[in-house]
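Visitor: Please pick one part of this model and take me through it closely, with the cut-offs as you go.

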Amino acid sequence: MSTTESYAQPEVLVSTDWVKQHLHQPGIRIVEIDVDTQAYEAGHIPGAVGFNWQTQLQDPVRRDILSAEGFEQLMRQAGIRNEDTVILYGDHNNWFAAYGFWLFKIYGHRDVRLMNGGRVKWLNEPDKPLTTEKPVFPPSNYKVQSMHTELRALLPQVFEASQKGHYNLVDVRSPDEFTGKVIAPPGMTETAQRGGHIPGAKNIPWSQAVNPDGTFKSAAELRAIYVEQKGLDPSKPTIAYCRIGERSSHTWFVLKYLLGFPEVRNYDGSWTEYGNLVGAPIEKP
Amino acid sequence: MNHTTRVYDSIFELLPDVENPTPLVRVRRLNPSPTFELFAKLEWYNPFGSVKDRAAWAMLHELEQRGEVHAHRGIVEPTSGNTGLSLAAMAGARGYRMRAVVPNRVPLEKKLLLKIVGAELDVVSDELCPAPGLGDGSINLAKTHARAQADRYAMPNQYENPANVEAHFRTTGPEIWRQTEGRITHLFVSLGTCGTVTGTGRFLRQQNRRIRIIAVQPGPGHDVPGLRNLDQLAVSKLFDPSLIDEILEIEPELAYTRALELCRQEGLLAGPSSGLILEGARRIIQRDGNGLGVMIFPDNVFKYTTNFRKHVRELQEGLESPASRV
């Protein structure tokens with residue numbers, strides 16, 4: 001399968017074997033973040049805490065990511081310290097684990113990594129333990145030390161990217177969502193009034209970045225897909241979006257850390273913001 | 001146990017085998033050819049209501065014999081409903097717990113029935129945004145329970161357990177062979193875990209190499225509960241393509257149309273997967289002209305009334321008195 005050596009920043013990925021070897025090691029903290037919020041309760045990596053993306057990773061009132069104060073609070077309660085190495089993993093090929101990674105980076109956490117292959121890879125390896133026991137850690141005094149809002153795209157930038165063409169604009173949803181045949185994947189409650197995509201966006205479904213075992217493809221394979229086949233220009237800034245910003249975090253991670261694109265932003269407003277705007281241009285074949 | 005008087009010591013004695021087969025009934029009005037005999041094997045005559053009783057009992061019996069299930073250790077299983085129902089009813093009667101993990105798209109009737117027969121129920125949203133090798137959410141969650149709480153749950157795993165295939169090799173195949181007096185030329189089946197087609201097909205092929213085995217699958221994006229099409233078959237380790245002569249892909253809506261015809265014109269109260277199989281059989285009959293075909297009808301219509309209501313427009317109307325529609 002993929003080798004990590006040729007990635008731009010290989011240190012942000014760890015293997016399932018690495019995680020097994022480092023279980024319960026001081027200074028290393030494991031966090032599970034799933035799409036299916038019942039998965040953690042059913043069983044998780046020993047020592048892992050679980051974050052619920054619906055209730056813990058966003059502002060509870062207005063539509064926004066978790067505030068810096070909220071993030072500090074979450075870290076303190078989970079006993080995560082500024083100097084800890086945080087390993088994130090989750091279901092659906094790390095969709096929300098990648099979203100968590102993005103949030104950790106926005107709030108300047110120094111050492112955060114993804115477990116390559118996520119929850120399913122761990123589950124399907126017979127030597128990997130799972131438990132229902134929830135670990136307890138003493139609270140920390142975590143402090144957000146720097147903010148990196150340059151990792152996030154807000155609507156004005158998205159308009160600019162769509163209109164002026166000096167950005168790569170990447171829609172990572174399924175082809176049916178991109179063309180507007182469906183507005184959201186079946187069963188999803190967060191949706192939009194209109195289907196289609198942002199004018200100028202290229203459709204590169206997030207899943208093109210992964211192998212059948214859930215791990216990321218090699219740097220050469222990824223470069224062939226994103227640059228050679230789909231024509232992204234690595235010298236331009238890039239904005240990735242999906243429906244609510246979790247699948248696009250996955251692609252954001254690929255472009256920024258595995259391929260080393262210099263400026264990549266995740267548009268977390270994504271289609272549930274854009275597809276609800278009155279008067280905004282939409283491309284729909 | 002006495003199959004003549006049909007007096008039994010326990011419900012388990014009703015499980016089918018060659019001495020107590022599920023019925024084989026001739027299809028009369030919906031068979032397009034007078035020179036081709038067509039029979040339906042009514043699997044809803046199994047004691048817990050579907051073809052899945054066979055695999056469920058084989059898997060459970062094996063776990064019991066190995067001492068893997070008892071009062072303190074039950075089972076957890078991913079299911080689209082029927083296997084779960086069989087297992088839950090059996091587990092309840094044997095005195096241990098059953099946890100069923102079902103995809104959200106499973107019909108409401110099946111979810112309710114699982115709870116009625118005492119299963120703990122987990123519902124997961126599958127097929128959010130397909131990816132290679134992602135696996136099935138319900139299978140993954142069931143595996144998680146079985147791994148994280150191995151002291152509480154054993155997982156029969158119908159998608160991988162050879163007992164699923166053996167059940168059909170030992171019962172369904174021999175029943176059909178005897179019931180048709182060895183005259184069967186065509187077997188029509190649907191695909192789910194593939195236990196039915198692999199076990200039955202293997203037995204019948206051993207008796208007569210020339211029997212044609214025809215699998216019927218719904219097209220992509222289908223809503224025919226319990227069935228998988230080729231794109232979704234990767235999860236099953238029991239699929240043996242070498243046994244299958246042809247796979248017919250049928251437009252999913254025909255499952256409902258044909259099932260309705262079975263209910264109304266044959267008196268066979270069959271579910272949508274049976275409707276799909278009938279459509280496949282009719283196409284082959286029109287092509288091949290003569291023979292003796294057996295269709296395995298997995299279950300009856302009662303668990304699918306809400307699905308029928310969704311797919312058949314005329315069923316959406318006239319369900320309330322005009323006075324209540326103010």
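Guide: Let's go to the nonpolar interior of chain A, then take a short trip to chain B. This is a predicted model, where local features need pLDDT of at least 70 and side-chain atom pairs count only at pLDDT 80 or more, while totals for chains, interfaces and linings use all residues. Residues are numbered from 1 along each chain as its sequence is written, chains are lettered from A and ligands numbered from 1 in the order in which they are written, and side-chain values use heavy atoms, leaving out hydrogens and water.

A nonpolar core here is a set of buried Ala, Val, Leu, Ile, Met, Phe, Trp, Tyr and Cys residues joined through side-chain atoms within 4.5 Å; buried means under 20% relative accessible area, exposed over 50%, and partly exposed in between, with a 1.4 Å probe and protein chains only. The largest such core has 60 residues, and those touching the most other members are Phe51(A), Leu88(A), Phe101(A), Leu114(A), Phe216(A), Tyr226(A) and Phe253(A). Several elements of chain A supply at least two residues each, including β2 (28-34), β4 (85-89), α4 (91-106) and α9 (247-258); helices (H or I, at least four residues) and strands (E, at least two) are DSSP runs numbered from the N terminus. The top contributor is α4(A), with 10 residues. Both domain 1 (10-148) and domain 2 (152-274) of chain A give residues to this core, so it lies between them; the domain bounds come from an automatic or database assignment.

Now zoom in on Phe101(A). Setting aside neighbours within four places in sequence, Phe101(A) is in contact with Val12(A), Leu88(A), Val112(A), Arg113(A), Leu114(A), Trp252(A), Phe253(A) and Tyr257(A), where contact means heavy atoms within 4.5 Å. Another core, of 33 residues, lies apart from this one, and among its members are Leu30(B), Ile250(B), Leu276(B) and Leu278(B).

Step back to the domains for a moment. In chain A, the centres of domain 1 and domain 2, taken over C-alpha atoms, are 23 Å apart, and their contact takes 21 residues from domain 1 and 23 residues from domain 2.

Over in chain B, the assignment gives domain 1 (11-50 + 162-311) and domain 2 (52-154). Their C-alpha centres are separated by 23 Å, with 33 residues of domain 1 and 24 residues of domain 2 in the contact.
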